[in-house]
Amino acid sequence: MAENQKQNYLTHPKGIMSWLLTLDHKRIGLMYLFGGIAFFFLGGVLALGMRLELAAPGNDFVSNDTYNNMYTLHGAIMIFLFIIPAIPGALGNILLPLMLGAKDVAFPRLNLASFYIYTVGALFVMYTIISGGVDTGWTFYTPYSTTSTSNVIPMTMGIFVIGFSSILTGLNFIATIHKMRIPGLTWYKLPLFVWALYGTSLVQITATPVIAITMVLLILERLLGIGIFDPALGGDPVLYQHFFWFYSHPAVYIMILPAFGIISEIIPVHSRKKVWGYKFIAFSTLSIAFIGFLVWGHHMFTSGQSVFSQIVFSFITYFVGIPTGVKIFSWMLTMYKGQVSFTPPMLYALSFLFLFTIGGLTGIFLGAVALDIHLHDTYFVVAHFHYVMQGGTIIAFLGGLHHWWPKSMGTMYNQTVANICCLGVFLGFNGTFFPQFLLGLRGMPRRYATYDQQYAELHNYSSFWSGILGLSIFISIMNLLWSLRKNNKLDPGTNPWGGMTLEWTHTTSPPHPHNFEEEPVLEHGPYDYDKVIVEPTFKK
Amino acid sequence: MSHDNSSPKFLQHHFHDVEQQYETAKLGMWAFILTEVLTFGGLFVAYVVYRSWYPEMFVGANLLLDVNKGLLNTIVLITSSLTMVLAVWAIQKKNQKLSLFMLIATFLFAFMFLGIKYLEYSHKFEVGQLPGEYYSYMGPEIAHLNNPHIFFSIYFIMTGLHGLHVAIGMGLIAWLIYATAKGNLNSEYYTPMEMIGIFWHLVDLIWIYLFPLFYLI
Amino acid sequence: MDRLTEYLFPKQVSTFAADIDNLFYFIFYSSIVLFAIVVLGMMYLAIKYRFKKGDEVRLTSSKDHSNILEALFFIVPLILVSITFVWGIKSYLQMIIVPDDAIEIKVTGQSWFWTFDYPDGGTTLNELVVPSNTPIKIVLSSKDVLHSFFIPVMRTKMDCLPNRYNVMWFDAQEEGVYDILCTEYCGTGHSQMGAKVIVMKPAQYEAYVAELGSDDENIPLDELGAKLYTKKACNTCHTLDGSALVGPSYLQTSQMWGQERVFDDGSSTVIDDNYIRSSILEPQTQIVAGYQGVMPTYQGLLNDRELDALIAFLKSLQEDSQI
């Protein structure tokens, strides 16, 4: 037994090949994690470069072309190489089988294949950067993308390839959730993170093929001039927008649903309280995933689509908002009569509530057709989706990372530093993006390398705070990595937050190579803080 | 070989029992089929959109396709689906030889399908009925039509993607032939054959939609 | 409220601007209430039920739902978004139903400038002149990639597509000069693709349109050239101070007068009047090394005298810089 306790997935088996060829979901998850963080860093550096250029009105730092390359790569890298794979690929992979009491995901080989497909896609993107970049914006709108002289083909090829990685991960998770649960773990006893991954996976397998085929058509348009999207050959550029947003709107839910899942885990554990409205949160996840397929037209309110479409898309858009709103109230009320600890994950979750609420509410402005026409393609939209994607998903990702770090790595970071960084991220984020709402209202268009003097003050302010945001995120990641130093191991039995799901109660930190030494027996639900006391334990 | 469920050699370590492994594989396969349907779904949408934009051109251009070859291919592919079903049925009934024979027949039908497709394509290459910019055919029956290259773009993309699926299917069936001949697949464990069978029926089904859309209407 | 509007929005110039701003305020104040409930509620709960030092870990309440609260959370936002939706559509219909007596102006986007064609002939570049208190119907299209025509003070915008026409309209209530911006990304010069809308009294507008194209006869060539340099949007891509933008600076070309210019295919030619003329009319045939061939042709947009004027203006730059 003593021998067995020392064995964990990080150290056993040893050797570089045992990592590269591993079928262990936890190791694959870690590889995703470090790959994702590397691209997060790259995308972040590009973002800071853009803010530097935008600090003053003229072309002070880079030329128009360089700026256009920077913002295109920033968007594409952040979305396709970091946000989409980060939570399902990294945290989802590490945690899903643990939460289900399973030894692994349903198809371990496919899981490894997904990771390598992701790597190949990433190589395409890296090639694009080295060979001169691409300047079409991450949306690749035709006919600009079919006529641009930059490297559109390797970039879209990369997205096409990464799409398969995403599809295979989704497929794997669906089969895992359906078939790999231990006996007694019924649907309503699943942790909400699992529900969130389930919703995400459904969207992944149904929406991603459409972007894949769209990218193929775009590539063929450039290679063969097939005339599907090119008006000069009888095609229609607006059809491209329909295809693109049919995927890319649901893709927003691929990005945000896992974040909802993380928040639904963090808040009950750190409030030591049963989650408020379990079934509502679970079903709203599925309904958001479904309705998300029907609203893509709200990205095209100024494209000249028919009045009828405008009305319908605006109407359905509001129906996504309502379940999301009730979720926010549920998370808030979870704290009622609990025991709330202000740990780093909890601070991130509270920041999430603050920032995501702003992101969601500003979505209501954009859903109203008449107002959207003024705000469309301005900085208001830029601020809105950063509040949702960064203030929502990335904040939740950082929170999740801090929450499960002791579980997956077996070490504890400096919590005071983590708390200060969380505050820095919160202030830096608001300082960077709140002024952008004002810029947008005043009519500042997005994707501008230079701008009129009247916008200078707010841009300057935004650039200043972006430095603080970048620095805080950098230090918080360094703080996590610093905990991996020698002689900083936690006791394998540690459960620092008093978590109640299987990954906390039935396995060591870091977990055993086969997850559990013996198959876990379910003793209570995931959030039964009203029935069972789980003492937080924190030993070196 | 014993029937002890805890340790047949084809049972992977992370499953409890054979049944769980089988059910999981089946669910994964159906999820994959859903993905495939949506992939082609995007192209069907493109077809519908352009057909409604250029209805006369579509009606005119499809007359340039060879209905006989298309029909022959439909028959070939439906037959191959039948032989695939029989292969699975045979191995369930412990008749490995018959199963092997049926797999080989499926493989040959698939090959025949691609052969006929090759004849069709090469004719179109000769006369210049090609996608997009490469389109050069200016025959009298089509001279009055707008943008016939779009019809051929969609035709080549959809049938080409379908052809790619047939080729991938052939690779998978070849592997099945190998595994069945070696005895790795047998009446106790034939999950891969059943899964590839599902895939093959999908390939068949897609063609059943493609054939009337391009050749008949 | 007026001061807030002044801070948040550009001027309200079109007839429907005030209505749209009011819709904004409706959502804005409702959002502030909802936001306050979430944030204050969250802070209150987190602080009230915080885990203090010395507290014992205990079983907590099993309360996890309240039908009344849940119904409230559902119904109140539903009412708010319903109002927003209806208001949004009502205002939108106002924005798209063009009055019958509107003056129709054709707007063409092209990388990276705007062309305006007036109903009685006459064309301007990057300067849209309209009469006040008159509905103006704008018919939009593009010659190359997508653009989007945005006038912040009018609160309206619409995409310009290469294969079909889109329509928008406005009725300006106040004379003045306002910004026009391109809001659909269109490449290198996207952020410079600005223009102005000049709102005049109707009488002035009539006079302006009548004079379009005829007022250039009597001024010296180089002065006309200087006017055309901004009027025909040459300044979007070519500077006068020697720095390179999308295309080579006029000053540089002027200083190289009579010398060889090298092109991207390795050939070269002497810079003279004929070269300048053909580089304006057929910009794609010879592309200066180090630049991209993105300039559109000005065939049909400039008459002979205007071409002479631009050439004269360009030549004059060198003399000016020597003084």
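1. Salt bridges between chain A and chain C come to 2 in this predicted model, where a salt bridge is a side-chain nitrogen of Lys or Arg within 4 Å of a carboxyl oxygen of Asp or Glu. One you can look up is C:Asp64 with A:Lys274, at 4.0 Å from N to O. Polar contacts across the same pair of chains add up to 27 residue pairs, both residues at pLDDT 80 or more. A polar contact is a pair of N or O atoms within 3.5 Å; within protein, one must be able to donate a hydrogen and the other to accept it, and residues adjacent in sequence count only if both atoms are side-chain atoms.

2. A word on conventions. Residues are numbered from 1 along each chain as its sequence is written, and chains are lettered from A and ligands numbered from 1 in the order in which they are written. As this is a predicted model, local features need pLDDT of at least 70 and side-chain atom pairs count only at pLDDT 80 or more, while totals for chains, interfaces and linings use all residues; side-chain values use heavy atoms, with hydrogens and water left out.

3. Now the extent of the A to C interface. Here 88 residues of chain A are in contact with 77 residues of chain C, contact meaning heavy atoms within 4.5 Å. The two chains bury about 7600 Å² between them, 69% of it on carbon and sulfur atoms; buried area is the accessible area (1.4 Å probe) that two parts lose on being put together, summed over both.

4. Chain C itself is divided into domain 1 (2-50 + 65-96), domain 2 (103-211) and domain 3 (220-322), with bounds from an automatic or database domain assignment. The C-alpha centres of domain 1 and domain 3 of chain C lie 53 Å apart.

5. A:Gly235 deserves a click in your viewer. This glycine sits in the loop between helix H8 (192-224) and H9 of chain A; helices (H or I, at least four residues) and strands (E, at least two) are DSSP runs, numbered from the N terminus. A:Gly235 is buried at 2% relative accessible area, where buried means under 20%, exposed over 50% and partly exposed in between (1.4 Å probe, protein chains only). Leaving aside neighbours within four places in sequence, its contacts include B:Tyr50, B:Trp53, B:Ile150 and C:Asn163.

6. Two more buried residues of chain A are worth a look. A:Ser472, in helix H16 (residues 456-482), has 9% relative accessibility and counts as buried. Beyond four places in sequence, A:Ser472 is in contact with A:Cys421, A:Gly424 and A:Val425. A:Asn8 is buried too, at 10%, and a polar atom of its side chain lies 2.7 Å from the backbone nitrogen of A:Leu10. With the same neighbours left aside, A:Asn8 is in contact with A:Pro510, A:Pro511, A:His512 and A:Pro513.

7. Over all chains, the structure holds 15 salt bridges. B:Glu23 pairs with A:Lys179, the closest N and O atoms being 3.6 Å apart. B:Glu23 lies in helix H1 (residues 18-53) of chain B and A:Lys179 in helix H7 (residues 152-179) of chain A, so this pair joins two chains. Both are partly exposed: B:Glu23 at 28% and A:Lys179 at 27%.

8. Finally, a contrast in exposure: A:Asp528 and A:Lys531 meet in a salt bridge at 3.9 Å, N to O, yet A:Asp528 is buried at 12% and A:Lys531 is exposed at 54%.
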